[in-house]
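Work through these exercises with the model open. Each task is followed by a stepwise solution.

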Amino acid sequence: MDFTALTHACTLIALSYMALKIRNLLVIERLQALAVPLLTGAASIVMMLLPLSGDSLFSDLKFAPIVMAGLRFGWLSSLLSTLLPAGYMLLEHKPDWGIEAVQSLLLPAIISSLFHRKEYDSGYAFIRLIDGWSVCAILTVVRVVSHVQLETAQTSLFWLSQLLMLVFSGLAIMALIYMFNDENKIWIVQRKLELEAKQDNLTRLPNLRGFMDIAKRTVRSRRIAIMMIDIDNFKRYNDTFGHLHGDQLLREAGQLLKTAVHEQDYIARYGGEEFIILSHMTDETQLSHYADWLRHNIEDHRFYGDSVAGTTISIGISISRMPGDELRRLIAEADEALYVSKQAGKNRYTFYRADQTQQKKRLKRSRIDAGKLEAFLS
């Protein structure tokens with residue numbers, strides 16, 4: 001009994017399982033453009049190394065990893081994935097290696113990439129099983145047509161082998177798609193849990209923990225600005241209209257700020273009625289226009305109760321001197337600048353200046369919870 005087909009299928013599934021586990025490593029996610037072609041090409045070479053019995057009706061499954069790369073990542077990754085196995089064929093001096101490379105590597109890469117969908121790029125969509133069957137069917141038709149053109153007669157054994165190869169390759173691709181979708185489902189759940197852990201339940205903005213993760217990585221490599229934002233007279237608003245309307249005010253203000261911040265910047269809820277922004281701008285003139293833009297977005301919006309008391313914000317801004325500045329100090333400086341804005345009449349912005357520190361000490365005010373920040377930064 002010929003167990004070649006089963007051996008190839010088991011090897012392919014094992015290789016795919018290993019690749020999925022490696023893909024989930026953070027370093028691989030960062031190097032995905034390089035890792036996918038390397039892993040896929042290596043898997044194709046392994047499939048070529050497996051022996052084929054002389055009377056086997058099946059060809060090897062070196063095209064299967066290429067098909068999966070095309071379905072999941074598109075034409076660029078699938079075409080790059082053909083380079084390693086094609087090079088291996090050339091080094092092995094296989095007869096007609098060019099024709100074989102086109103039929104078993106290049107065509108699967110091109111055809112499978114035609115079924116790639118944009119939503120797959122996000123990692124939050126599942127590959128459709130019907131697409132896998134469609135690719136296998138097209139490859140079978142191409143193989144049959146090319147054989148018919150080269151041969152004058154086709155035996156019943158040929159037609160049987162093509163039919164069995166279609167069924168076998170289709171089942172193999174189905175198994176790979178199912179494995180990928182199942183692993184992706186676990187990955188999606190993990191990402192959602194991570195997102196929820198770093199998200200503020202009230203405003204649906206990132207919380208301080210999520211902000212710190214991003215800010216710590218950013219400040220190491222470039223200069224940044226920190227903007228601390230406080231909703232003016234929020235306690236009085238709560239006392240006047242109640243906590244339910246106060247919560248709604250926080251939600252609306254958070255969404256307004258989220259819409260107003262620049263695409264490359266990052267906003268989070270700092271706590272209470274305060275928000276914090278990491279900005280990639282470091283020019284004071286640009287930041288002045290930016291802060292005014294944020295302030296007017298809140299001032300011009302009609303919140304509940306604005307007929308009694310208009311809602312405004314105060315802003316404090318600190319700018320890092322160089323890449324690698326201490327994040328805790330930048331936040332503390334922005335907080336001191338925010339305090340100056342509040343004391344100067346609110347509904348304004350202030351840049352941190354060194355002499356503000358002494359003013360803060362004289363007024364005996366401490367608004368930064370150093371213990372909490374230390375926990376996030378450690």
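Contact means heavy atoms within 4.5 Å. The model used here is a predicted one.

**Exercise 1. The whole chain**

Task: State how many helices and strands there are in the protein, what share of its residues count as buried, and what share of the contacts join residues at least 24 apart.

Solution.
- Step 1. The protein has 16 helices and 5 strands.
- Step 2. The protein has 378 residues, and 46% of them count as buried.
- Step 3. Take the contacts between residues at least 6 apart in sequence; 73% of these join residues at least 24 apart.

**Exercise 2. Helix 3 against helix 4**

Task: Find how helix 3 and helix 4 are oriented to each other, and which residues make the contact.

Solution.
- Step 1. Helix 3 covers residues 32-49. Helix 4 covers residues 63-73.
- Step 2. Their axes come within 8 Å and cross at roughly 155°.
- Step 3. Angles over 145 degrees count as roughly antiparallel, so helix 3 and helix 4 are roughly antiparallel to each other.
- Step 4. Helix 3 contributes Gln32, Val36, Thr40, Ala43 and Ser44 to the contact, and helix 4 contributes Pro65, Ile66, Ala69 and Phe73.
- Step 5. Sorted by type, the contact residues give 6 nonpolar, 3 polar and no charged.
- Step 6. Now check the cover on helix 4: 10 of its 11 residues are buried. Among them are Pro65, Ile66 and Ala69 from the contact, and also Arg72.
- Step 7. Look just past the helix. Gly74 follows helix 4 and has a positive phi, near 100°.

**Exercise 3. Helix 10: length, cap and partner**

Task: Test the span of helix 10 against its residue count, find the residue that caps its N-terminal end, and describe its packing with helix 14.

Solution.
- Step 1. Helix 10 runs over residues 208-221, which is 14 residues.
- Step 2. The expected span is 1.5 Å times one less than the number of residues. For helix 10 that should be 20 Å, and the end C-alpha atoms are 20 Å apart, so the two agree.
- Step 3. Asn207 is the N-terminal cap; a side-chain oxygen of Asn207 lies 3.2 Å from the backbone nitrogen of Arg209.
- Step 4. Helix 10 and helix 14 pack with axes 10 Å apart, at an angle of about 110°. That makes helix 10 roughly perpendicular to helix 14.
- Step 5. On the helix 10 side, Met212, Ala215, Lys216 and Val219 take part; they meet Leu327, Leu330 and Ile331 of helix 14.
- Step 6. This contact has 6 nonpolar residues, no polar ones and 1 charged.
- Step 7. The buried residues of helix 10 include Met212, Ala215, Lys216 and Val219.
- Step 8. Consider the spacing. An α-helix has 3.6 residues a turn, so residues three or four places apart point the same way.

**Exercise 4. Ser341 and its surroundings**

Task: Decide whether Ser341 is buried or exposed, and list what Ser341 touches.

Solution.
- Step 1. Ser341 sits in helix 14.
- Step 2. Its relative accessibility is 0%, so Ser341 counts as buried.
- Step 3. Leaving out residues up to four places away in sequence, Ser341 touches Ser314, Ile315, Lys346, Arg348, Tyr349 and Thr350.
- Step 4. With Thr350, the side chain of Ser341 makes a polar contact of 2.6 Å.

**Exercise 5. Positive phi outside glycine**

Task: Give the phi and place of Asn233 and of Lys346.

Solution.
- Step 1. Start from the background: most residues other than glycine have a negative phi, and most peptide bonds are trans.
- Step 2. Asn233 has a positive phi of about 55°. Asn233 lies in the loop between strand 1 and helix 11, and is partly exposed at 29% relative accessibility.
- Step 3. Lys346 has a positive phi of about 70°. Its loop joins helix 14 (327-343) and strand 5 (349-351), and its relative accessible area of 26% makes Lys346 partly exposed.

**Exercise 6. Arg353**

Task: Locate Arg353 and name the side chain that Arg353 joins in a polar contact.

Solution.
- Step 1. Arg353 is in the loop between strand 5 and helix 15.
- Step 2. Arg353 is partly exposed, at 38% relative accessible area.
- Step 3. The partner is Glu284, with a side-chain polar contact of 3.2 Å.
- Step 4. Ala337 is 16 residues from Arg353 along the chain, and their C-alpha atoms are separated by 7.6 Å.

Conventions
Residues numbered from 1 in each chain as written. Predicted model: local features only at pLDDT ≥ 70, side-chain atom pairs only at ≥ 80, totals over all residues. Heavy atoms only, no water. Helix = DSSP H or I, 4+ residues; strand = E, 2+ residues; numbered from the N terminus. Buried < 20%, exposed > 50% of the residue type's maximum accessible area, 1.4 Å probe, protein only. Polar contact = N/O pair within 3.5 Å; in protein donor to acceptor, adjacent residues only side chain to side chain. Axes fitted to C-alpha atoms, helices over the stretch in contact; angles between N-to-C directions. Parallel < 35°, antiparallel > 145°, perpendicular 65-115°, else oblique. Nonpolar A, V, L, I, M, F, W, Y, C, P; charged D, E, K, R; others polar.
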